[in-house]
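Thanks for sending this one over. Here are my notes on the charged pairs and on one nonpolar spot at the surface.

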Amino acid sequence: MTRKKVKLAYITNDSARKATFKKRKKGLMKKVSELSTLCGIDACAILYSPYDSQPEVWPSPLGVQRVLAHFKKMPEMEQSKKMVNQESFLRQRIAKGNEQLKKQRKDNREKEITQVMYQSLTGKGLQNLNIVDLNDLGWMIDQNLKEIHKRIESLNKEAQSQAAAAAAAAAGQLIKTGGKAQEEKPAFDSMDAIQRQQWFVDLVNPNEQMGFAGDDMMLPFGDNNHNALWPNGFFP
């Protein structure tokens with residue numbers, strides 16, 4: 001079972017108040033001792049109560065005097081820098097609660113106006129809205145439009161960068177391919193020169209195995225009988 005939340009108010013019942021004091025005092029002393037031991041700091045506690053004639057101190061009267069003497073040696077500005085009393089503590093808590101409440105109201109208002117905006121997109125009228133609601137709705141629409149424009153600009157920049165990268169890659173590939181073609185071009189030129197030279201040699205010194213005699217062509221193999229060049233199965 002979860003512990004019941006204790007109401008922070010003065011306990012009017014004497015016996016219940018005394019029992020609570022003893023229990024809380026023991027817990028407070030234990031926490032101070034743990035804080036000093038775990039963190040290695042100088043700490044002390046002094047408790048006055050109507051139930052004891054003498055105040056209860058921790059860790060000892062000498063330890064308390066040592067910590068208080070160290071505290072009094074500090075400048076007054078440093079002494080009161082983080083010092084709070086009951087009134088200042090409550091004021092800090094109230095200010096913090098007000099800030100949280102203000103933030104929560106703002107969040108709730110934005111959610112409410114956002115819901116109204118979505119409902120208007122479905123065709124619901126705006127006749128029941130007052131001037132404050134309409135102003136808030138206009139502000140919310142402007143904010144959404146700004147976000148949409150930012151997103152569009154971001155997508156356009158991304159698309160342009162991708163297109164530029166693709167164009168640069170294509171240009172690099174084209175230059176690379178053109179360089180290879182230029183490198184291979186002299187090889188083709190040398191082959192053409194060799195072929196022209198061979199043609200000139202054949203023209204000056206015709207091969208005895210090939211010649212022209214009228215309309216009859218002598219082939220470099222076989223005899224003049226064309227039927228002897230292929231099997232009779234193809235040319236009977």
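The points below go through the salt bridges and then the nonpolar patch.

1. First, a reminder: this is a predicted model. Please read every distance and area below with that in mind.

2. How many salt bridges does a search of the whole structure find? It turns up seven. I'll go through some of them here, pair by pair.

3. Start with helix 1, which covers residues 14–39. Arg-17 pairs with Asp-14 in a salt bridge, and their closest N and O atoms sit 2.7 Å apart. The two are three residues apart in that helix, so about one helical turn separates them. Asp-14 counts as exposed because its relative accessible area is 53%, the cut-off for that label being over 50%.

4. Next comes helix 4, residues 86–121. Here Arg-91 makes a salt bridge with Glu-87, with 3.1 Å between the closest N and O atoms. Both residues belong to helix 4 and are four residues apart, about one turn of the helix.

5. Are the partners in that pair exposed or partly exposed? Arg-91 is exposed, at 56% relative accessible area. Glu-87 has a value of 49%, so it goes down as partly exposed; the partly exposed class runs between the 20% and 50% limits.

6. Further along helix 4, Arg-109 and Glu-112 are three residues apart, again about one helical turn. Their side chains meet in a salt bridge at 3.5 Å, N to O. With 23% relative accessibility, Arg-109 is partly exposed, and Glu-112, at 42%, is partly exposed too. This pair also belongs to something wider: salt bridges with shared partners link Arg-109, Glu-112, Asp-133 and Asp-136 into one network. If you look at one charged cluster in the viewer, I'd suggest this network.

7. Now the nonpolar side. Which residues make the nonpolar surface patch of about 350 Å²? They are Val-84, Phe-89, Leu-90 and Ile-94. Leu-90 lies in helix 4, the helix that also holds Arg-91 and Glu-87.

8. Why can Leu-90 count towards that patch? Its relative accessible area is 41%, which makes Leu-90 partly exposed, and patch residues need over 30% and no salt bridge. So Leu-90 clears the area cut-off.

Methods
Residues are numbered from 1 along each chain as its sequence is written. This is a predicted model: local features need pLDDT of at least 70, side-chain atom pairs count only at pLDDT 80 or more; totals for chains, interfaces and linings use all residues. Side-chain values use heavy atoms; hydrogens and water are left out. Patches are made of residues with over 30% relative accessible area and no salt bridge: like charges are joined within 9 Å, nonpolar side chains (Val, Leu, Ile, Met, Phe, Trp, Tyr) within 5 Å. Accessible areas come from the Shrake-Rupley method with a 1.4 Å probe; for residues, only the protein chains shown count as cover. A salt bridge is a side-chain nitrogen of Lys or Arg within 4 Å of a carboxyl oxygen of Asp or Glu. Buried means under 20% relative accessible area, exposed over 50%, partly exposed in between (1.4 Å probe, protein chains only).
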